[in-house]
Amino acid sequence: MRQHVNPLSQFFQLPLSLPNHSVLFKNSHCPIHVDIGSAKGKFLIELASKYPKWNFLGLEIREPLVVASEKKRKELELQNLKFLYCNVNISLDSWLSDLDNDQLKRVSIQFPDPWFKRKHIKRRVLNVSLLNSIARYMSKDGELFIQSDIFKLTESMTNVIEESNYFDRKDIQGLKWIDKNPYDVTTDRELFVLKKNFPIYRAIYIRNSTPL
Ligand SMILES: C[S@@+](CC[C@H](N)C(=O)[O-])C[C@H]1O[C@@H](n2cnc3c(N)ncnc32)[C@H](O)[C@@H]1O
């Protein structure tokens, strides 16, 4: 499978109509956590097993990973979890617009593809447009969680978020970066980085009442 796909290629610009939340989850009115770039799905599979009163949606641009995650989800018979294939930069806004008011409570973006080269920076997943979509539909006090082991990438995400004024950074006892995953579950990439003893930069932002 390819390590990275170019989200700006023509193939990934086609908007996909994602199924409405009412058909994705058994209890479709529960609060929703969306994980952007869910890869093999470990993080949400563990969270969905622990928190049956939440619904979890994993979005991933590499379709084979979605197929594999969905297979595991079905084996575990988790009805508060779904993995969908899409380019979030193209297809997420419309899905969010159909949610109940105040239903979107959490979004996580964990170890996104770095796209180091200057000419590739526009391929990074968190841009102003995606941030505005999240802010538009997230309930007040909802959480946006980001983490990465690459400082420059984390900084580019915190800049996009903080320049928007729609989110306030959560103060964790005066720490600049949170020292562990706040949901007590790790992603695959997080486990890999922890084993290597590399630093991880994590931050939570809370949706404030600034209107869009
Ligand atoms: C480095 S991986 C990290 C995966 C996982 N979050 C973790 O921490 O283990 C980033 C994931 O984001 C996915 N991705 C990148 N751009 C995306 C986009 N525009 N829409 C949806 N998924 C995307 C990639 O295919 C990849 O699986």
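## Talking through the fold

Student: With 10 C-beta neighbours inside 10 Å, does F198 count as buried or exposed?
Tutor: Keep in mind that we're looking at a predicted model. A residue needs 20 or more other C-beta atoms within 10 Å to be buried, and 12 or fewer to be exposed. F198 has 10 C-beta neighbours inside that distance, so F198 counts as exposed.

Student: Where is F198, and how far apart in space are F198 and K180?
Tutor: Find the loop between α7 and β7, because that's the place of F198. Along the sequence, F198 and K180 are 18 residues apart. In space, C-alpha to C-alpha, the separation is 13 Å.

Student: What span should helix α6 have, and what distance separates its end C-alpha atoms?
Tutor: α6 covers residues 151–164, which makes 14 residues. You count 1.5 Å for each residue after taking one off the number, so the expected span is 20 Å. The end C-alpha atoms agree with that, being apart by 20 Å.

Student: Which residues of α6 are buried, and what arc do they cover around the axis?
Tutor: The buried ones are L153, T154, M157 and I161. They sit on the same side of α6, because around the axis they cover an arc of only 100°. An α-helix has 3.6 residues a turn, so residues three or four places apart point the same way. So the arc you asked for is 100°.

Student: Which residues are exposed on the other side of α6?
Tutor: Turn the helix around and look at the side away from the buried residues. There you'll find F151, K152, E155, N159 and E163.

Student: Which residue in the loop between α6 and β6 has a positive phi near 70°?
Tutor: The residue isn't a glycine, although its phi is positive. It is exposed, because 10 other C-beta atoms lie within 10 Å. In that loop between α6 and β6, the residue is N165.

Student: What about D102: where is it, and what is its phi?
Tutor: Look in the loop between α4 and β4 for D102. D102 counts as partly exposed because it has 13 C-beta neighbours inside 10 Å. It isn't a glycine, yet its phi is positive, at about 65°.

Student: Which strand pairs with β5 in parallel, and which one runs antiparallel to β5?
Tutor: Six bridges join β4 (residues 104–110) to β5 (residues 138–148), and these two run parallel. In that pairing, I109 stands opposite I146. Six bridges also join β5 to β7 (residues 201–207), with E143 opposite I206. So β4 is the parallel partner, and the antiparallel one is β7.

Student: What handedness does the β-α-β unit of β4, α5 and β5 have?
Tutor: Follow the chain from β4 through helix α5 (residues 128–137) and on to β5. The unit these three make is right-handed.

Student: Which element gives the most residues to the shell around the ligand?
Tutor: The ligand is surrounded by 20 residues, and the closest are G37, A39, I61, T187 and R189. Two or more residues come from each of β2 (55–60), α4 (88–97) and α7 (188–196). With three residues, the element giving the most is α7.

Student: How many residues of that shell are nonpolar, polar and charged?
Tutor: Sort the shell around the ligand by residue type. The residues divide into nine nonpolar, five polar and six charged.

Note on methods
Residues numbered from 1 in each chain as written. Predicted model: local features only at pLDDT ≥ 70, side-chain atom pairs only at ≥ 80, totals over all residues. Pairing = 2+ DSSP bridges. Helix = DSSP H or I, 4+ residues; strand = E, 2+ residues; numbered from the N terminus. Right-handed = clockwise from strand over helix to strand, strands pointing away. Near = placed C-beta within 6 Å. Nonpolar A, V, L, I, M, F, W, Y, C, P; charged D, E, K, R; others polar. Arc of directions from axis to C-beta.
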